[in-house]
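Reader: I'm new to this one and would like a close look at a single part. Could you take me through the sheet and whatever sits around it?

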Amino acid sequence: VTVTARLLVSHLSGIRHYEKDIAKVKEEKEKANRALKLTKPHQDKEQKEGKGIEKTDSVRPRKEQDGETRSRNSKPGRRDKEFEQEEYYLKEKFESVIESLKIFKNDPLFFKPGSQFLYSTYGFTLLSAVVERASGQKFTDYMLKMFRDLDMLSTVLDDNEAMIYNRARCYVYNKKGRLVNAPYVDNSYKWAGGGFLSSVGDLLKFGNALLYSYQAGQFKSSTGKLLPGYLKPGTVAMMWSPVPKTEVSWDRDGKYAMAWAVVEKKQECGCCRKQRHYTSHTGGAVGASSVLLILPEELHPQAVVAPPRGVIVTIVCNMQSVSLNGTALKIAREFEKEKQAR
């Protein structure tokens with residue numbers, strides 16, 4: 001079979017995630033699909049009663065709603081099943097991304113590449129090896145140079161041995177429902193899929209750089225002095241274009257694109273629910289949760305105000321298994337309403 005970089009970045013490669021048993025993966029997918037079907041009668045009932053209009057919570061799968069409710073109420077003792085996988089808690093230090101491929105390189109693919117979607121951190125580990133070979137540099141050196149170019153000076157490797165200024169302590173609930181320090185792990189086996197530390201300020205810079213790149217091609221500068229974006233407008237547009245056969249667990253309206261979840265602009269009928277174009281990605285690690293959401297402003301063809309134009313929301317939380325995408329979207333919409341009111 002052939003596994004391309006595009007398949008890796010869209011999680012269509014067939015490479016496993018943390019769960020090694022394909023039967024369990026299929027079972028979990030079937031449960032999620034059943035939960036989605038069960039919400040349909042509930043949604044129809046709410047709409048008949050006039051409760052389901054313009055409420056994003058009412059159109060999400062019940063499983064996701066319950067997950068966010070649990071997170072908001074901070075009920076102890078509940079654990080995300082994914083965090084029960086042993087490989088989340090690896091303590092072995094890998095000297096290179098090539099070396100870390102040994103974790104999964106001899107495992108069978110779960111399906112023919114390109115035929116199905118399965119979120120895979122190890123797919124991104126392989127992608128980082130591709131970057132390393134293509135660039136001729138260590139992946140970590142390549143990324144740190146990129147972060148410096150983007151002025152993300154607080155974004156570093158999550159290296160346990162290094163003294164990192166203002167590194168936050170991470171927390172989890174234990175089986176007895178008590179708040180405890182997160183266990184020791186070494187993330188050198190997955191730098192690309194969850195091995196960097198950052199701050200909300202740096203993530204906002206990252207979001208602005210992408211949004212600027214995306215909108216630079218739409219802006220008609222009369223002076224011609226607009227600097228180019230870090231990426232070409234077409235590259236970002238491609239990254240933010242939904243890929244067929246994909247899905248997104250944290251946003252029912254979305255599809256997966258290239259390392260981003262994307263919701264497309266859509267309105268099926270007049271005076272009905274209007275879906276805005278935005279892109280986001282959540283993050284989950286041992287003792288931490290995060291989200292970065294970008295809601296681009298729809299630029300007028302003759303726009304005179306230079307990009308970036310839109311709302312960017314990022315949340316970083318030193319608590320495990322906290323659902324943040326819905327909260328980030330609500331915040332973005334509130335800022336957008338305030339801007340429109342002006």
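Author: Let's start with one term: a residue counts as buried when its relative accessible area is under 20%, and as exposed when that value is over 50%. Keep in mind too that this is a predicted model.

With that cut-off in hand, look at strand 8. Of its 9 residues, 7 are buried, so strand 8 is largely enclosed by the rest of the structure. What is around it? The sheet itself is an open one, built from 5 strands in the order 5-6-7-8-9, with antiparallel pairing. Its edges are strand 5 (255-256) and strand 9 (310-317), each of which pairs on one side only. As a bit of background, strands of a sheet pair through backbone hydrogen bonds, either parallel or antiparallel.

Now for the neighbours of strand 8. On one side, strand 7 (residues 278-285) pairs with strand 8 (residues 288-296) over 7 bridges, in the antiparallel sense. On the other, strand 8 and strand 9 are also antiparallel, and they share 8 bridges. Ser-290 is a handy landmark for both pairings: Gly-283 stands opposite Ser-290 in strand 8, and Ser-290 in turn stands opposite Val-316 in strand 9.

Two helices pack on this sheet as well. Helix 8 (residues 200-216) touches strand 8 and strand 9, and its direction makes about 150° with that of strand 9. Helix 10 (residues 325-341) touches strand 7, strand 8 and strand 9, with an angle of about 145° between its direction and that of strand 9.

The links between these strands are worth a look too. Strand 7 and strand 8 form a hairpin with 2 residues between the strands, and Gly-287 takes a positive phi near 85° there. Further along, Pro-308 is found in the loop between strand 8 and strand 9. The peptide bond leading into it, from Pro-307 to Pro-308, is cis, with omega near 5°. For context, most residues other than glycine have a negative phi, and most peptide bonds are trans.

While we're on backbone angles, two residues away from these links also have a positive phi without being glycine. His-11 has a phi of about 60° and lies in the loop between helix 1 (5-9) and helix 2 (22-48). Asn-166, with a phi of about 65°, is in the loop between strand 1 (156-157) and strand 2 (171-173). Buried or exposed? His-11 has a relative accessibility of 2%, so it counts as buried, whereas Asn-166 is exposed, at 64%.

Back at the sheet, go to the edge at strand 5 (255-256). Tyr-256 forms an edge-to-face aromatic pair with Trp-250, with 6.5 Å from centre to centre and 85° between the planes. Both rings belong to buried residues: Trp-250 has a relative accessible area of 12%, and Tyr-256 is at 1%.

That pair has company, as the structure holds 12 aromatic pairs. In another of them, the rings of Tyr-122 and Tyr-189 have centres 6.4 Å apart and planes at 50°, so this pair is tilted. It links distant parts of the chain, 67 residues apart: Tyr-122 is in helix 5 (residues 121-135), and Tyr-189 is in the loop between strand 3 (179-181) and helix 7 (191-194). Tyr-122 and Tyr-189 are buried as well, and ring pairs join them with Tyr-18, Tyr-88, Tyr-89 and Phe-104 into a cluster.

Key:
Residues are numbered from 1 along each chain as its sequence is written. This is a predicted model: local features need pLDDT of at least 70, side-chain atom pairs count only at pLDDT 80 or more; totals for chains, interfaces and linings use all residues. Side-chain values use heavy atoms; hydrogens and water are left out. Rings of Phe, Tyr and Trp (its six-membered ring) pair if their centres lie within 6.5 Å; planes under 30 degrees apart count as stacked, over 60 as edge-to-face and the rest as tilted. Helices (H or I, at least four residues) and strands (E, at least two) are DSSP runs, numbered from the N terminus. Buried means under 20% relative accessible area, exposed over 50%, partly exposed in between (1.4 Å probe, protein chains only). Two strands pair if DSSP finds at least two bridges between them. Contact means heavy atoms within 4.5 Å. Axes are lines fitted to C-alpha atoms, for helices over the stretch in contact, and angles run from 0 to 180 degrees between N-to-C directions.
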